[in-house]
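Student: I'd like a close look at one part of this model, and then a walk outward from there. Could you take it slowly and keep it connected?

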Amino acid sequence: MKQVIVLLLVVSVLFSCGSRKRKYKPSKAKHKTEHVERKQSKKSEVKNEDTPAETQVEVVPKVVSSTSEYIQLYAPIAVEEMKFYKIPASITLAQGILESGSGRGRLAVEANNHFGIKCHEWTGASIHHDDDADQECFRKYKDAKYSYRDHSLFLTERKRYSGLFLLDIDDYKGWAKGLRAAGYATDRKYPEKLISLIERYQLYTYDDEVTGNSPKRAKSRPSQEVHSVEKGDTLYSISRRYNISVKELQELNRLQGTTISVGQELIVKS
């Protein structure tokens, strides 16, 4: 009888040890699972950090073949800027055409910069280009629409242009002269060039679109034929092409000499 009791005690001890071993295994499995979850979580965090960089894609500038196409592309942006910042859309478009060579100048093509705005306190991307001095720093944008917005901010945030906002919102002639007086451009003929572009392409109709005024001025405008200067063009070759003298070309476009630039719009018939 004593032997049977001893045997039962031994069996009980053996079963008790086996039970403790089995309880330990799930603990290992749980630890392993938590480790894997932490590892996956780290991978997920890295992926999320990379996402913003992947979405910041630079927009390739549109290839513009003419001033009319330029206006068609960017007039809606100029109109929106006028609604928000009270700058005549006609002025914004005329400046864009003049400063960017209708979107075909180097700054526009390589930097989406349509207004020739220099770096100043700019901390973003930039491009160097010869202007008043060699290799000056100009702002570079991911999309041309940001160039238009920066143009609006450039005018509204600087005190020297504050007088412009006292003018009527559709007074493009006053704005053109005021920009020159405030120091936006050093060219004495800058106002005349802007006004000429506005009237030639009837850009004031975009001002009327915002103000709701009837575009009466468009009815009395004479039709004009223009030529966009291409590489290799000279005043003489253009005069031959349109059967007009060089002198007449100079008078129509208020040119002092014979220097012309690619993308420049010349009146060849009025």
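Student: Let's start with the strands β3 and β4: in which sense do they pair, parallel or antiparallel, and over how many bridges?

Tutor: Keep in mind that we're looking at a predicted model. Strand β3, residues 225-228, pairs with β4 in the antiparallel sense, and the pairing runs over four bridges. If you want one spot to click on, take His 227, which stands opposite Leu 266 in β4. Strand β4 itself spans residues 265-269 and is mostly covered, with four of its five residues buried.

From β4 you can step over to helix α10, since β4 is among the elements that cover the buried residues of that helix, along with α7 and α9 (235-241). Helix α10 takes in residues 246-253, and its buried residues are Leu 249, Gln 250 and Asn 253. Those three sit on the same side of α10, because they cover an arc of only 95° around the axis. That fits the usual helix geometry: an α-helix has 3.6 residues a turn, so residues three or four places apart point the same way. Now rotate the view to the face of α10 turned away from the buried side, and you'll find the exposed residues Lys 247 and Glu 251.

Gln 250 deserves a pause. A polar atom of its side chain lies 3.1 Å from the backbone oxygen of Gly 257. Leaving aside neighbours within four places in sequence, Gln 250 is in contact with Leu 235, Leu 255, Gln 256, Gly 257 and Thr 258. Right after α10 comes Arg 254, with a positive phi near 55°.

Leu 249 also turns up in a nonpolar setting. It belongs to a core of nine residues that also includes Val 229, Ile 244 and Leu 255. This core is separate from another one, so let's go there next.

The largest nonpolar core has 38 residues, and the members that touch the most others are Leu 93, Leu 155, Tyr 161, Leu 179, Tyr 184 and Leu 203. At least two residues each come from α2 (67-85), α3 (89-100), α5 (144-156), α6 (172-181) and α7 (190-200). The most generous of the contributors is α2, which gives seven residues. As background, nonpolar side chains in soluble globular proteins tend to be buried together.

Leu 179 makes a good vantage point inside that core. Apart from neighbours within four places in sequence, Leu 179 is in contact with Ile 91, Gln 95, Leu 155, Tyr 161, Leu 164, Tyr 184, Ala 185 and Leu 194. One of those partners, Gln 95, has a polar side chain, so to speak the odd name on a list you might follow further. Gln 95 is found in helix α3. Because its relative accessibility is 0%, Gln 95 counts as buried. Not counting residues up to four places away in sequence, Gln 95 touches Ser 100, His 114, Phe 115, His 151, Leu 179, Tyr 184, Tyr 190 and Leu 194. For Tyr 190, the C-alpha atom is 9.5 Å from that of Gln 95, although the two residues are 95 apart along the chain.

Helix α8 gives you another one-sided pattern to set beside α10. This helix covers residues 204-211, and its buried residues are Tyr 204, Asp 207 and Asp 208. They share one side of α8, because their arc around the axis is only 100°. What they pack against is α2, α3, α6 and α7. After α8 comes Gly 212, whose phi is positive, near 85°.

One more stop is Lys 118, in the loop between α4 (106-111) and β1 (126-129). With 19% relative accessibility, Lys 118 counts as buried, because the cut-off is under 20%. The side chain of Lys 118 is joined to that of Glu 136 by a polar contact of 3.0 Å.

Finally, zoom out to the whole chain. It holds ten helices and four strands, in the order α-α-α-α-β-β-α-α-α-α-β-α-α-β along the sequence. Of its 270 residues, 33% count as buried. The accessible surface of the chain comes to about 17600 Å², and 53% of that belongs to carbon and sulfur atoms. Among contacts with a separation of 6 or more, 55% are between residues 24 or more positions apart.

Conventions:
Residues are numbered from 1 along each chain as its sequence is written. This is a predicted model: local features need pLDDT of at least 70, side-chain atom pairs count only at pLDDT 80 or more; totals for chains, interfaces and linings use all residues. Side-chain values use heavy atoms; hydrogens and water are left out. Buried means under 20% relative accessible area, exposed over 50%, partly exposed in between (1.4 Å probe, protein chains only). A polar contact is a pair of N or O atoms within 3.5 Å; within protein, one must be able to donate a hydrogen and the other to accept it, and residues adjacent in sequence count only if both atoms are side-chain atoms. A nonpolar core is a set of buried Ala, Val, Leu, Ile, Met, Phe, Trp, Tyr and Cys residues joined through side-chain atoms within 4.5 Å. Contact means heavy atoms within 4.5 Å. Two strands pair if DSSP finds at least two bridges between them. The arc is that of the directions from the helix axis to the C-beta atoms. Accessible areas come from the Shrake-Rupley method with a 1.4 Å probe; for residues, only the protein chains shown count as cover.
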